[in-house]
Amino acid sequence: MSIGGIIEIIGMASLFIGSVAVIFGALGLLRLGDVYQRMHGTGIVDTGGAGLILFGLLLLSPDWTVSVRLILIGFILVLTGPTATHAIARAVRAAGEEPENVAPKKSAKRKTSNRRRA
Amino acid sequence: MRQIAISTALLYAIWLLLSGHYTGLLLTLGFLSALGASLIAARMGVLDEEGLPMQILVRLPKVTLWLIWEILKSNYGVVKVILNPKLAQPQMVSVKASQKTVAGLVTHANFITLTPGTVSVDVDEDKNIILVHGLTDEFAAACLEPEMDERVSGLEGPSQ
């Protein structure tokens, strides 16, 4: 098999794993407990999901001008993603919502009440 | 002056990479807009050590591979918690940061947030403390370890 073929397969695998990571992130947004925990779910979309999809596209990109744009997109995502997450976390805390800090069993109970509110 | 030159060079490099049209007139216009944008930024007073932290940007590639590996590892950890939310042990921890510059502190906080499983909720610039929300004991403990702190401090350079 040629090197190009191997790179193409790695790129496609990367795209697939990235898409699965995005699905897991969305699942986490729905399943986890309070707003702080849900933020960790979206962290997967920001990093593993977007990162692997961009990496896959990079390997499959037809010429260097596309690659440059993809790298710049990745750089900007890495800068802005955490900043936005931090802004949300800080705003939530400023609004007076304290994170739940309890044993795993009780957090399952709180989860239902949080879900109702959401 | 030096900051304006660096900023112009960076902007022009990005313009060259993105434009794809390389004729004399367009090259000149591209340079002029890069210079103009830098001058405006300088006049706004955002081209200081915080707005263009060159000492950090230059050394960033050193930690990139390590950071990607950490991110992939904790992605897996968070997926495990998502599949079984009962594993979550949410908690807040205060992380002591050893960075000397504000840009370094922000980089540290951003790295913590970038790693899934930990989110920096509040940053205290005066006391150099980052308040972190961890998803499980493991993630919170990983943040308290000095490794990330040392690597980010290494980005600030040895001279400071």
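In this predicted model, the axes of α3(B) and α4(B) come within 12 Å and cross at roughly 20 degrees. An angle under 35 degrees counts as roughly parallel, and the two helices α3(B) and α4(B) are therefore roughly parallel to each other. The crossing they make is right-handed. On the α3(B) side, the residues involved are I56(B), L67(B) and I71(B), and these meet A103(B), G104(B), T107(B), F111(B) and L114(B) of α4(B). Sorted by class, that contact comes out as six nonpolar residues, two polar ones and no charged ones.

Helix α4(B) also has a second partner to look at, α6(B), which covers residues 146-155 of chain B. Here the axes are 9 Å apart and the packing angle is about 140 degrees, so α4(B) and α6(B) are oblique to each other. Once again the crossing is right-handed, this time with α4(B) passing α6(B). From α4(B), the contact takes in G104(B), T107(B), H108(B) and F111(B), while α6(B) brings M148(B), D149(B), V152(B), S153(B) and L155(B). The mix for this pair is four nonpolar, four polar and one charged.

Over in chain A, the pair to look at is α1(A), residues 3-31, and α2(A), residues 35-60. Their axes come within 7 Å and cross at roughly 165 degrees, which makes α1(A) roughly antiparallel to α2(A). The crossing of α1(A) and α2(A) is left-handed. As for who takes part, the contact between them is made up of 16 nonpolar, 12 polar and two charged residues.

Helix α2(A) has a bit of character of its own. With 26 residues, α2(A) reaches 37 Å from its first C-alpha to its last, close to the 38 Å expected at 1.5 Å a residue. There is also a kink in α2(A), of about 25 degrees and centred on A50(A).

Finally, there is the question of how the two chains meet. In all, 29 residues of chain B are in contact with 34 residues of chain A. Several elements of chain B each supply at least two residues to the side that touches chain A: α1 (2-19), α3 (54-83), β1 (91-96), α4 (102-114) and β2 (118-124). The most comes from α3(B), which gives six residues to that side. Broken down by class, the side of chain B that touches chain A has 18 nonpolar residues, nine polar and two charged. Both α3(B) and α4(B), the pair described at the start, are thus on the list of elements that help form this side of chain B.

Terms used:
Residues numbered from 1 in each chain as written. Chains lettered and ligands numbered in written order. Predicted model: local features only at pLDDT ≥ 70, side-chain atom pairs only at ≥ 80, totals over all residues. Contact = placed C-beta atoms within 7 Å. Helix = DSSP H or I, 4+ residues; strand = E, 2+ residues; numbered from the N terminus. Nonpolar A, V, L, I, M, F, W, Y, C, P; charged D, E, K, R; others polar. Axes fitted to C-alpha atoms, helices over the stretch in contact; angles between N-to-C directions. Parallel < 35°, antiparallel > 145°, perpendicular 65-115°, else oblique. Left-handed = near helix turned anticlockwise from the far one by under 90°. Expected span 1.5 Å × (residues − 1). Bend = angle between axes of the 7 residues up to and from the residue.
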